[in-house]
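Q: I'd like a close look at a single part of this model, its aromatic pairs. Please walk me through the rings and the strands that carry them.

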Amino acid sequence: MGHLTHRWTLAAILLLAALLLAGCPQEEAQPATQVAVAPTQPEQAQAPTTAPTATPVPPTSTPVPPTATPVPPTATPEPPTATPKPPTPTPELPTATPEPPTATPEPEPETPQAVASRNMNVRGGPGTDFSVTASASSGDSFDITGKNEDGSWYEVCCFAGDEPGWLSASLVTVEGDAAAIEVAANIPEPPPTPTPAPTPTPGPTSAAPAASAPVSAGGPSGVLIYSVANMDAGRWELWEVNLASSAKRMLFEWRTEVDYSPNYRQIAYFAWPPAAGAQAGVWIMNADYTGERVVIPADAAYPSFSPDGSRMVLTGDNELYIINSDGGGLRFLAEGEYGDWSPTGNWIAHRACYGGACGLYETNPDTGEQRRLTTGGSDGQPAWSPNGQQIAYISQDDGNFEIYRINADGSNKVRLTNSPSSDGLPVWSPDGQWIAFRSDRGGGWAIYAMRADGSDVRKIVDAPVLPVWFFEKMGWRP
């Protein structure tokens, strides 16, 4: 009963509560209902989204002024754009200031310099017909004060007594503006007798022609052996040419610098590594090109036989050595190069420079006695005549390499060739009537022959050489 009463009491309370709740406005109850349902129904979440979307519209219109406010700054910078204009003209002053320095170098047109490329003679005028007034050493530098009409000679300053001199343009290097060199104001007149001066003394037009008269109708004879630089094959070759028939043939590869013994029974030569391997050096063979044998496998070359063929003089590193033909007895003789043993006496002609005194010398191979033959700084390649009375040699004494002849004691110097090209490597014919030589006078290197007085020059055969042709040699047998 108590339980029942309690239940009815509860029921009455609940009923009363329900009535109370029913009396409240329904809009107020909706938020509570929606709060509970909102998370489960996303469609109803969009309703509040539209309301806030409308509220931002005013802020969207308010930013318009800020968008307009930047416009003045865009206009305000224009004054600064104008303000830098004054600095722009200011740099023009520095641009103008360097102008004076540009003008200052004007007074310094440096005088062109002539630098001697080798030891040479200084002439009294533009040509080898003028006398030698001084000498210049390799590396000497002189002010160029003028040139001759064709620019082949430069007037330079100065020598003894402040006198000008003349240097061959082919023997100097110009430092400075060569185009600015003007023709000299006072070019000396050539001497009255330019070529005749040397001609009377020599035998070219007097004594020597008489000696060659018996063979004037014919030409050189015998066999000439010579080296050729085969540029296509990239090697040295040894050739021979029959001077009577002009028939020629190759003998060997990689053999150069030949020398016949005075009896023409042996040939000394230099054998290169491609031919001799580790035995490269001076070798000897028979005159018929058989029986090759090594004399000395060393960096020595340019062999020349003694009169009896038992010894030779060799050149190695600007020094002369004596050696027996069988390879024994090697000994130092003297400083020098291009040694050539007289075929009739005990003298070796060679080039040397002793304390600046350059030229051709003769040295006795047994006593070491010496005597000076010439004074030219470029003199070289001496070649004895078969009778031992004369020596042919090369020199740049008159501008370019030419061939000269002197007596065995150095007297009676005669110029035998006269060409603007290079002439060299003289060798005498067995009868002493002819001298063969190499020259590039025809545009390419070839062998020529002339009489011992320099006349009757004729081409024998084309024979290319390398720029280092100075140490080549030729041999001539009957």
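A: Let's begin with burial: a residue is buried under 20% relative accessible area, exposed over 50% and partly exposed in between, using a 1.4 Å probe and protein chains only. The model is a predicted one, so local features need pLDDT of at least 70 and side-chain atom pairs count only at pLDDT 80 or more, while totals for chains, interfaces and linings use all residues. Residues are numbered from 1 along each chain as its sequence is written, and side-chain values use heavy atoms, leaving out hydrogens and water.

Now to the rings. There are twelve aromatic pairs in the structure (ring centres of Phe, Tyr or the six-membered ring of Trp within 6.5 Å; stacked under 30 degrees between planes, edge-to-face over 60, tilted for the rest). One of them joins Tyr354 and Tyr361, edge-to-face with 5.0 Å between centres and 85 degrees between the planes. Tyr354 has a relative accessible area of 24%, so it is partly exposed, whereas Tyr361 is buried at 8%.

Another pair is Phe437 with Tyr448, and here the rings are stacked: the centres are 5.9 Å apart and the planes meet at 20 degrees. This pair links distant parts of the chain, with Phe437 in strand β28 (residues 434-439) and Tyr448 in strand β29 (residues 446-451), eleven residues apart; strands are DSSP E runs of at least two residues, numbered from the N terminus. Both of these rings are tucked away: Phe437 is buried because its relative accessible area is 0%, and Tyr448 is buried with 8%. Elsewhere, Trp254, Phe270 and Trp272 come together as one aromatic cluster.

Back to the first pair and its strands. Residue 354 falls in β20 (residues 348-354) and residue 361 in β21 (residues 357-363), two strands that run antiparallel and pair over seven bridges (pairing takes at least two DSSP bridges). Cys353 takes part in that ladder, with Cys358 of β21 as its bridge partner.

These two strands belong to an open, antiparallel sheet of four, ordered β19-β20-β21-β22. At the edges stand β19 and β22 (370-372), each with a single partner strand, so one side of each has no neighbour in the sheet. From one strand to the next the twist averages 35 degrees, taken between the N-to-C directions of lines fitted to C-alpha atoms, on a scale from 0 to 180 degrees.
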